[in-house]
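Please look over the sequence and the model below before reading on. The paragraphs after it explain, step by step, what can be found there.

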Amino acid sequence: MRVELADLAAMDRYGRAIADALLPGDVVALTGGLGAGKTTLARAIIAGLGHEGEVPSPSFAIIEPYDPPAVRLPLVHADFYRLNHPDEAQEIGLDDYREGAALIAEWPDHAGGFAHEPGCLSIALEVVEDGRIAIVEGGADWLGRLPV
């Protein structure tokens, strides 16, 4: 599926639509070049889950957890850009963080990828002349609840 995101307001609406459909165990895998809007979309999802205030980029910390009541469900926001090998995701305890939580993964390929999981919503962001395009592919668990 192809979603046109003409401006920041469209990115925010789309992130909130994803948040409305998000369940524990889901993964939102965000890919795209530097500046494509991965963190912007992640922030919109987190805000859509109820978080108020700053949403730091997890570029330095790699993993930033969010727990109820600040959000409606446990969430892990991860930026795997700095990982040199997928094994490093396990070394930092990713499986423990994911237990009962949804995951937003920026640069998911650096952690070995998640597209094989039925709860993975893969979103490739591309910058185009009039905004951004999101190429969206949902795993089996997303059938019937893909945000449009």
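What follows is a walk through a predicted model, from its strands to its side-chain pairs and then to its backbone.

The strands offer a convenient place to begin. Strand β1, which covers residues 2-5, is joined to β7 by 4 bridges, and the two strands run antiparallel. One position at which this pairing can be followed is R2, whose bridge partner in β7 is I135. Strand β7 is also joined to β6, again in an antiparallel arrangement, and here there are 8 bridges. Within this second pairing, V127 has R132 of β7 as its bridge partner. The turn between β6 and β7 is short enough to be counted residue by residue, since the two strands form a hairpin with 2 residues between them.

From the strands we can pass to the charged side chains. How many salt bridges does the structure hold? There are 3 of them, and each can be visited in turn. In one, the side chains of D12 and R16 meet, with 3.0 Å from N to O. Both of these residues belong to helix α1, which spans residues 8-21, and they are 4 residues apart, about one turn of the helix. Neither end of this pair counts as buried, because D12 has a relative accessibility of 29% and is partly exposed, while R16, at 37%, is partly exposed as well.

Another salt bridge brings together the side chains of R145 and D26, at 2.8 Å from N to O. Here the pair links distant parts of the chain, for R145 is in the segment after β7 (131-138), whereas D26 is in the loop between α1 and β2 (27-31), and the two are 119 residues apart. R145 is buried, with a relative accessible area of 18%, and D26 is buried too, with a value of 3%. R145 takes part in a further arrangement, as its charged end sits over the ring of W142, at 4.1 Å from the centre of that ring.

The remaining salt bridge is formed by R98 and E117, whose closest N and O atoms are 2.7 Å apart. Because R98 lies in helix α4 (residues 94-98) and E117 in the loop between β5 and β6, this pair ties together parts that are 19 residues apart in sequence. R98 counts as buried at 16% relative accessibility, and E117 likewise counts as buried, at 18%.

Aromatic rings come next. A search of the whole structure finds 2 aromatic pairs, and one of them is made by Y81 and W107, which form a tilted pair with 4.8 Å from centre to centre and 55° between the planes. Y81 lies in the loop between β4 (75-79) and α3 (87-91), and W107 lies in the loop between β5 (102-106) and β6 (120-128), so the pair ties together parts of the chain that are 26 residues apart in sequence. The two partners differ in their surroundings, since Y81 is partly exposed, with a relative accessible area of 41%, whereas W107 counts as buried at 16%.

A histidine provides another point of interest. H51 lies in the loop between α2 (38-48) and β3 (63-66), and it is buried, with a relative accessible area of 17%. A polar atom of the H51 side chain is 2.9 Å from the backbone oxygen of E54. If its neighbours within four places in sequence are left aside, H51 is in contact with I46, Y66, A70 and V71.

Finally, the backbone itself deserves a careful look. As a general background, most residues other than glycine have a negative phi, and most peptide bonds are trans. Which form does the peptide bond from P68 to P69 take? That bond is cis, with omega near 10°, and P69 is found in the loop between β3 and β4. A positive phi, near 75°, occurs at I62, which is a residue other than glycine. I62 is found in the loop between α2 and β3 and is buried, with a relative accessible area of 10%. W107, already met as a partner of Y81 in the tilted aromatic pair, also has a positive phi, near 55°.

Technical notes. Residues numbered from 1 in each chain as written. Predicted model: local features only at pLDDT ≥ 70, side-chain atom pairs only at ≥ 80, totals over all residues. Heavy atoms only, no water. Phe/Tyr/Trp six-rings, centres within 6.5 Å; stacked < 30°, edge-to-face > 60°. Buried < 20%, exposed > 50% of the residue type's maximum accessible area, 1.4 Å probe, protein only. Lys NZ or Arg CZ within 6 Å of the ring centre and 35° of its normal. Salt bridge = Lys/Arg side-chain N within 4 Å of Asp/Glu carboxyl O. Polar contact = N/O pair within 3.5 Å; in protein donor to acceptor, adjacent residues only side chain to side chain. Contact = heavy atoms within 4.5 Å. Pairing = 2+ DSSP bridges.
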